[in-house]
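The exercises below concern one protein model. Work through each task before reading its solution.

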Amino acid sequence: MAELDRVVKPKTKRAKRFLEKREPKVNENVKNAMLIKGGNANATITQVLRDMYALKKPYSVLYKKKNITRPFEDQTSLEFFSKKSDCSLFMFGSHNKKRPNNLIVGRMYDYHILDMIELGIEKFVSLKDIKNSKCPEGTKPMLIFAGDAFDISEDYRRLKSLLIDFFRGPTVPNIRLAGLEYVLHFTAVDGKIYFRTYKLLLKKSGCRTPRIELEEMGPSLDLIMRRTYLASDDLYKLSMKLPKALKPKKKKNISHDTFGATYGRIHMQKQDLSKLQTRKMKGLKKRPAEKLTNNQENKSQKIKRRKID
């Protein structure tokens, strides 16, 4: 136990920088993905992993060698590769008689598998089969999900969350119209998931807002859901927990109505309105009789206070 609990300190500055990059941060780094071939991967699976690697660049690592492992039976090898390459997302491709053209998409939490979903590829059109211009490397995509299944079924809800995590890319503070170059479209209909990739074309429209056209870019996949390995609700909530520094601070005495108007409550001390300075007008001046009564009242109040003292 003493050997396992021992903390190894870095001996060089390079090793120190490497360990600092992997330490927990308030704003985490962009999630990297590893793409791994199984021991019996065919040409279709190999090309699918290459195309996904091209879409995820530069936040992806492609393992070219075959790895004999079964993620649903043994997860140690995937967890080892995750720690080695510092990747929290993975895609594993395999092919056999029982599950042909098999694709497993998953993610890690603290270098342990959080959840993964197995998908079967029924139809595939590669990126290189569609002859047109492609998007440059590192372009952030737009994600569109169509179909009621993504909101009704728990498995499909988790798949939607997983796909958003996999393809979202870096978080950006501002969006430039010319930077919106391609769309990933996921449609869930009749137990199938249709994955399509389109390039965005901005055409002249005669006004300031351009006319938008979609041109299929590839890859294109028809998928079916097979097996699922989902984290428990407690573990899933723990993985989604935000640090205190990122939580928005609640502002007191401020409320909003249904129309979006903001209302604020101000706490003030009780004011004596008789001493309030108003506009000086002849009609508002006190008459001599009123002044006498006010002076007599003030004198009587002073006499009462002296008697009490």
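**Exercise 1. A surface patch**

Where is the place of Ile 212? Locate the residue, then classify its exposure and name its patch partners.

Solution. The model is a predicted one, in which local features need pLDDT of at least 70 and side-chain atom pairs count only at pLDDT 80 or more, while totals for chains, interfaces and linings use all residues. Residues are numbered from 1 along each chain as its sequence is written, and side-chain values use heavy atoms, with hydrogens and water left out.

Step 1. Ile 212 is in strand 9. Helices (H or I, at least four residues) and strands (E, at least two) are DSSP runs, numbered from the N terminus.

Step 2. The relative accessibility of Ile 212 is 52%, so the residue counts as exposed. Here buried means under 20% relative accessible area, exposed over 50%, and partly exposed in between (1.4 Å probe, protein chains only).

Step 3. Ile 212 joins Leu 177, Leu 202 and Leu 214 in a nonpolar surface patch, and together they have about 380 Å² of accessible area. Areas come from the Shrake-Rupley method with a 1.4 Å probe; for residues, only the protein chains shown count as cover. Patches are made of residues with over 30% relative accessible area and no salt bridge, joining like charges within 9 Å and nonpolar side chains (Val, Leu, Ile, Met, Phe, Trp, Tyr) within 5 Å.

**Exercise 2. Backbone exceptions**

Find the loops that hold Pro 58 and Pro 219, then treat Asp 86 and Asn 101 in the same way.

Solution. Step 1. The bond from Lys 57 to Pro 58 is cis, with omega near 0°; Pro 58 lies in the loop between helix 3 (43-56) and strand 2 (60-67).

Step 2. A cis peptide bond also runs from Gly 218 to Pro 219, with omega near 0°. Pro 219 sits in the loop between strand 9 (211-216) and strand 10 (220-229).

Step 3. Asp 86 is not a glycine, but has a positive phi of about 55°. Its loop runs between helix 4 (76-85) and strand 3 (89-94), and Asp 86 is partly exposed at 29% relative accessible area.

Step 4. Asn 101, not a glycine either, has a positive phi of about 45°. Asn 101 lies in the loop between strand 3 and strand 4 (102-109) and counts as buried at 18% relative accessibility.

**Exercise 3. Helix 3 and a polar contact**

Check the span of helix 3 and find a contact made by Gln 47.

Solution. Step 1. Helix 3 has 14 residues and reaches 20 Å from its first C-alpha to its last, close to the 20 Å expected at 1.5 Å a residue. The expected span is 1.5 Å times one less than the number of residues.

Step 2. Among the buried residues of helix 3 are Ile 45, Gln 47, Val 48 and Leu 49.

Step 3. The side chains of Gln 47 and Ser 126 are joined by a polar contact of 3.3 Å. Such a contact is a pair of N or O atoms within 3.5 Å; within protein, one must be able to donate a hydrogen and the other to accept it, and residues adjacent in sequence count only if both atoms are side-chain atoms.

Step 4. Ser 126 belongs to the loop between strand 5 (112-125) and strand 6 (142-146) and is buried, at 1% relative accessibility.

**Exercise 4. Salt bridges**

How many salt bridges are there? Describe three pairs and the network.

Solution. Step 1. The count comes to 12 salt bridges, each a side-chain nitrogen of Lys or Arg within 4 Å of a carboxyl oxygen of Asp or Glu.

Step 2. Arg 107 pairs with Asp 115, with the closest N and O atoms 2.9 Å apart. Arg 107 is buried at 5% relative accessible area, and Asp 115 is buried at 1%.

Step 3. Arg 158 pairs with Glu 154 at 3.6 Å between the closest N and O atoms. They are 4 residues apart in helix 6 (residues 154-167), so about one helical turn separates them. Arg 158 counts as buried at 5%, whereas Glu 154 is partly exposed at 36%.

Step 4. Arg 211 pairs with Glu 213, the closest N and O atoms being 2.4 Å apart. Arg 211 is partly exposed at 42%, as is Glu 213 at 30%.

Step 5. Salt bridges with shared partners link Lys 31, Arg 107, Asp 115, Glu 154, Arg 157, Arg 158 and Asp 165 into one network.
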